[in-house]
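Biologist: I'd like to learn how to read a model like this one feature by feature. Could you take me through it, general idea before the particular case?

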Amino acid sequence: MMQVFLQNWIYLIGAISLFGIGLYITLTDENIFKIIVGLNIIESGTNLFMIAIAWHPKAVMPIYTATNHLVVNGKVVSADPLPQSLVLTAIVIGLGTTALALTIAVKIFEKYGTLDVRKIKEAKR
Amino acid sequence: MIIYVATLVVIVVIALALIAVFSKKLLSSIISMGFVSLGVSGLFFFLQAPDVAITEAAIGAGLSTAIFVIALKKVKKGESADEE
Amino acid sequence: MRNDTPELVKKITALFVVAILLAGFFVAFKEMPKGPSVNVNQRVSRLYVLKNVQTATKLMKSGNFFTKGMKPLRSDVPYTPIVFGKSSNLEDGAANVVTSIVVDYRGFDTLGEVTVLFLAATGVAMLLFGKEKKRKKKTEPSLIMYVGTRIAFAVIFLFGIYIFVHGHLTPGGGFPGGAVIASGILGLFLGKNGYEPNHLGLKVFESLSGMAFVIIGLTGLFSVKSFLANFLPTGTIGDLYSAGFIALIYIAIGMKVGAELSAVVNSMIVDTEEEWS
Amino acid sequence: MNIFNNAALLIGVPLLFAFSIPLFGLISKELAKWVTLLTIGFNATFSLYILLTHKFPTIVVMGNWLPPFGENLYIGPVAALLVSLISVIGLLIAIYNLWAVKRGDVIRFSILFLMFTAGASGIVLTGDIFNLFIFMEITGISSYALAAFGPERRALGGAFKFLVVSSIGSTLYLMGVTLIYTQLGTLNIAEIAARINQTTPGLLTFAGILIISGLAVEAELFPFNGWVPDTYTGAINGVSASLSGIAAVSAVYALFRIAMTVFGKSGTYVTTYGKIDLMAVIAILAATTVVIGELSALSQKNVKKMLAYSSMAQMGLIAVAFSIGSELGVYGGIFQLVNHSIAKAMLFLIVGVLVAAGVGENIDDFRGLWKRNPFLALTFSVGAFSMLGFPLFGGFWSKFSIVAASVQRGGWYDFIIGLVLFASVVEAFYYLRIVAYMFSSDVEAPKIKTPMIPAIPIFILAVSIVAIGVFPQIVGNFSTQAANEFTHKMSEYVLNVIPTIAAH
């Protein structure tokens with residue numbers, strides 16, 4: 001019983017908690033670096049969610065090897081490979097966004113001398 | 001059985017994310033974010049996605065944390081230069 | 001959010017937004033197939049796993065829609081269950097199904113993804129563009145560090161190449177391979193103050209590997225009449241020389257990603273001074 | 001199903017040259033800008049060829065895998081029209097950039113601008129819901145970097161805000177796509193559109209809300225548009241022009257491709273599946289956007305900020321027009337989109353020329369411009385008249401058909417008549433104020449020379465505004481076909497991509 005509940009829900013709960021925590025920090029925090037950390041945590045949550053919907057308890061990994069059979073009696077038993085490939089894409093895009101955001105943050109620090117969003121807004125131009 | 005281990009990992013990951021949120025020091029926030037990525041990459045192994053797990057470990061946990069630390073170092077250098 | 005919003009109001013608003021989202025997700029999750037009821041046989045990915053469009057077409061016929069009149073892409077291959085190391089002349093010969101989706105069935109996505117990384121590296125370099133500052137004197141890393149990172153770099157570099165050359169057989173591929181190589185180069189930066197990679201070489205390498213990807217795609221367009229189409233024989237599943245152009249593209253991606261990420265690391269590490277004149 | 005695979009060159013050629021620009025840059029800085037210009041020129045020529053020889057509707061198969069298996073591009077009347085619009089405006093802004101962008105890292109700026117245009121065309125062309133996300137990110141990442149470019153430090157704050165909001169938006173979009181995938185197991189827009197009634201209502205509603213809010217970030221609709229004023233004001237003028245004339249076009253297209261084709265029913269008035277009517281939600285959000293945008297624009301002293309708020313309001317007006325859901329409404333929306341894109345790009349370019357000549361950004365600085373430079377004053381007035389919908393200029397016809405559409409629809413959609421009139425009156429107030437300032441002659445100041453290169457795109461855009469105003473059928477014919485495609489999804493879009501799906 002417990003096991004079935006966990007199989008159904010634990011990864012989804014984990015993914016959504018990460019998403020919520022990341023969104024909360026992004027919306028409330030004043031420090032630019034913290035905001036980027038929040039974006040990264042949101043990213044992780046999304047990735048976990050997408051992998052979780054591809055999985056079922058009897059899944060095998062989607063790679064043909066000598067002992068790993070993906071198709072049994074004409075039915076596919078492996079984990080869904082499509083969301084996995086989408087997540088590969090999403091991870092790399094996340095890295096790109098993070099690198100650009102950090103660069104802008106460094107430049108902001110060079111020009112304003114602070115990382116605090118409120119102080120940046122107060123400084124006119 | 002493995003689901004219980006996964007549950008434990010999920011709880012640890014959420015705790016680390018909370019540390020990343022509420023920690024006052026930027027460095028510890030960044031490091032725990034790296035560990036969140038690492039934990040998530042461990043969960044990908046449980047979820048039968050070795051490709052994604054390797055990529056997340058190399059890119060999400062490794063390089064992205066490294067870039068964070070480099071950027072932080074640049075900012076910290078500027079801060080100490082201002083104080084002088 | 002405005003500056004004058006009190007801290008508490010801001011936090012409560014954020015909590016409210018997050019709570020609404022969580023409630024919405026809860027509703028959606030209750031209606032979503034999850035855990036044991038996830039069935040890959042109802043999704044389009046089964047066609048990618050079966051690696052044979054004729055059977056796929058048959059499966060779709062027995063399903064409920066849209067098969068009438070649709071021609072299989074390669075009807076010359078009769079479907080037999082795939083046996084590792086023996087089945088040959090499959091529609092797509094990669095043993096790693098994720099790889100075959102990433103590079104072949106949905107290769108256009110991957111081209112876009114490489115472009116995103118390229119644009120991010122370009123943007124980072126553009127924003128940090130300027131004259132190089134003179135470094136302050138720092139403590140020089142010890143000789144052991146210097147020699148050690150150089151030796152480690154060779155090993156890491158080889159490992160990265162291994163990862164992306166075997167992308168169609170084992171977990172891994174161009175992206176982690178490139179990231180591994182970039183982390184080796186990061187080690188070189190840490191090992192010596194003022195380490196500089198060969199900028200011209202890096203730039204040329206970056207351009208050529210990206211162009212290689214597009215040129216492979218265009219070759220497909222002019223030889224098989226479709227952009228990014230496989231124009232090489234697919235071989236036997238499980239062999240190193242199998243899966244047609246997947247290996248070629250993954251090598252291009254690996255080199256591209258390695259070069260891009262090294263460029264990002266390089267432009268982040270080097271201190272620059274802006275000049276607008 | 002017509003297949004025209006060579007149209008993949010619309011994406012492939014810009015990519016090839018974007019990757020090779022660093023090599024050209026080794027030879028000379030100027031060469032990089034010219035390569036960008038020629039590549040966008042190729043795109044403009046090719047897309048105009050597709051539009052004018054009526055090659056559409058056609059699909060482009062990627063990787064030799066037919067649509068539900070692999071990815072495809074779809075070139076219908078809407079896509080053909082909007083890709084031509086995007087690449088022509090991109091071409092004109094690239095000509096302007098030849099003159100304007102001389103300092104800083106010009107080579108990388110050219111790469112980012114080229115991929116910005118190509119990514120926007122990709123959003124319009126693609127037929128796959130995840131591929132749309134990739135192109136959103138390509139456009140997004142290049143526009144964050146472009147918006148942060150420039151010597152002024154205010155650019156950075158705007159770019160960072162844009163980055164954060166837009167990344168959260170694209171994550172929400174991705175979540176929505178994944179939720180739909182769990183039930184339908186496919187990512188092809190046509191297949192999802194045909195099978196959308198097989199999903200459960202709660203999940204569909206929530207996925208719809210997530211996707212719409214993700215796309216609304218770049219389409220500048222109300223709760224997600226806090227980034228607009230800062231980003232537009234901070235960025236250099238060529239970038240503001242392209243954000244408003246290129247990115248917004250593709251974002252609105254994506255928003256309504258999803259809202260009408262995927263979530264909508266096929267019929268005269270498009271309503272949506274799920275528990276709440278998404279089109280009504282969009283109508284309310286868009287109406288709020290119009291009111292807020294116009295009122296904020298009214299109180300601005302800075303011309304760029306005023307144009308930014310005006311741009312926001314115009315996007316709201318376009319979204320309202322689409323959300324009426326009838327053929328006439330979509331006709332008006334697309335027409336308005338074309339007009340807005342041309343006029344707003346031109347206004348930003350004119351401000352760019354003026355700022356470079358030493359005139360300030362404030363409204364007071366525009367006093368007596370007619371004496372100082374008649375060409376710029378005249379073209380600015382043409383753009384302003386088109387924005388506020390003066391007869392004989394492009395904007396008149398589109399606003400007219402939006403009003404006609406809401407009369408035709410009736411019911412509570414009647415408020416749109418009032419909304420359009422309100423918007424026109426407020427716009428008249430703040431645009432005519434500038435025009436009046438320009439023609440008032442109480443200021444004596446030195447004359448401004450018109451630089452040759454940026455005068456070309458400004459002149460072309462001004463002429464096209466007047467041409468559309470006098471001969472509305474230039475755009476009108478294509479808009480009619482486009483409206484037909486948007487409202488009759490099963491007989492037009494879905495069948496053109498997957499002809500056999502009707503057997504269901």
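Modeller: Let's begin with burial: a residue is buried if 20 or more other C-beta atoms lie within 10 Å of its own, and exposed if 12 or fewer do. Keep in mind that this is a predicted model.

Biologist: Is Asp80(A) buried or exposed, then?

Modeller: Asp80(A) has 31 other C-beta atoms within 10 Å, so it is buried. It sits in the loop between β2 and α3 of chain A.

Biologist: And which residues does Asp80(A) touch, leaving out those up to four places away in sequence?

Modeller: Ala54(A) from its own chain, plus Val40(C), Arg43(C) and Ser45(C) across in chain C. As for His69(A), 11 residues away along the chain, its C-alpha atom is 14 Å from that of Asp80(A).

Biologist: Let's zoom out to chain A. What pattern does it follow along the sequence?

Modeller: It reads α-α-β-β-α-α, which is four helices and two strands. For overall form, set the radius of gyration against the globule rule: chain A comes out at 20 Å, well over the 14 Å the rule gives for 125 residues, so the chain is more spread out than a compact globule. You can also look at the box its C-alpha atoms fill, roughly 70 × 35 × 15 Å along the principal axes.

Biologist: What share of chain A counts as buried?

Modeller: 66% of its 125 residues. Among its contacts with a separation of 6 or more, 54% are between residues 24 or more positions apart.

Biologist: What about confidence in chain A: what is the average pLDDT?

Modeller: The average is 86, and 98% of the residues score at least 70. Going element by element, helix α2 (residues 32–52) of chain A has the highest mean, 91, while strand β1 (residues 71–72) of chain A has the lowest, 76.

Biologist: Now the interfaces. How should I read one?

Modeller: The size of an interface is often given as the accessible area lost when the parts come together. Here we'll go by residues instead. Between chains A and C, the contact takes 42 residues from chain A and 49 residues from chain C. On the chain A side, α1 (2–28), β2 (75–76), α3 (81–112) and α4 (117–122) each give two or more residues. The largest share there, 14 residues, comes from α3(A). By class, that side has 24 nonpolar, 12 polar and six charged residues.

Biologist: Which pair of chains has the most contacts?

Modeller: Chains C and D, out of five pairs that touch. Each of the two gives 55 residues to the contact. On the chain C side, α5(C) gives the most, with 15 residues. That side has 30 nonpolar, 15 polar and 10 charged residues. Chains B and D, by contrast, do not touch, and their nearest C-alpha atoms are 15 Å apart.

Biologist: How is chain C itself put together?

Modeller: It has nine helices and two strands, in the order α-α-α-α-α-β-α-α-α-α-β. The chain is divided into domain 1 (1–32) and domain 2 (97–273), with 39 Å between the domain centres, taken over C-alpha atoms. Buried residues account for 48% of its 277 residues.

Biologist: How do I read a nonpolar core?

Modeller: In soluble globular proteins, nonpolar side chains tend to be buried together. The largest nonpolar core here has 367 residues, and those touching the most other members are Ile51(A), Ile104(A), Ala105(A), Val252(D) and Leu255(D). This core takes at least three residues from each of domain 1 and domain 2 of chain C. To follow one member, Val252(D) is in contact with Ala219(D), Met315(D), Ile318(D), Ala319(D) and Leu337(D), setting aside neighbours within four places in sequence.

Biologist: Last one: backbone angles. What should catch my eye?

Modeller: Most residues other than glycine have a negative phi, and most peptide bonds are trans. Leu228(C) has a positive phi, near 65°, and Leu392(D) also has a positive phi, near 75°.

Biologist: Where do Leu228(C) and Leu392(D) lie?

Modeller: Leu228(C) is in the loop between α8 and α9 (246–269) of chain C, and it is buried, with 31 other C-beta atoms within 10 Å. Leu392(D) is in the loop between α15 (374–388) and α16 (394–409) of chain D. With 12 C-beta neighbours inside 10 Å, Leu392(D) counts as exposed.

Note on methods: Residues numbered from 1 in each chain as written. Chains lettered and ligands numbered in written order. Predicted model: local features only at pLDDT ≥ 70, side-chain atom pairs only at ≥ 80, totals over all residues. Core = buried A, V, L, I, M, F, W, Y, C linked by C-beta atoms within 7 Å. Domains from an automatic or database assignment. Contact = placed C-beta atoms within 7 Å. Nonpolar A, V, L, I, M, F, W, Y, C, P; charged D, E, K, R; others polar. Rg over C-alpha atoms; globule rule 2.2 N^0.38 Å. pLDDT = per-residue confidence, 0-100.
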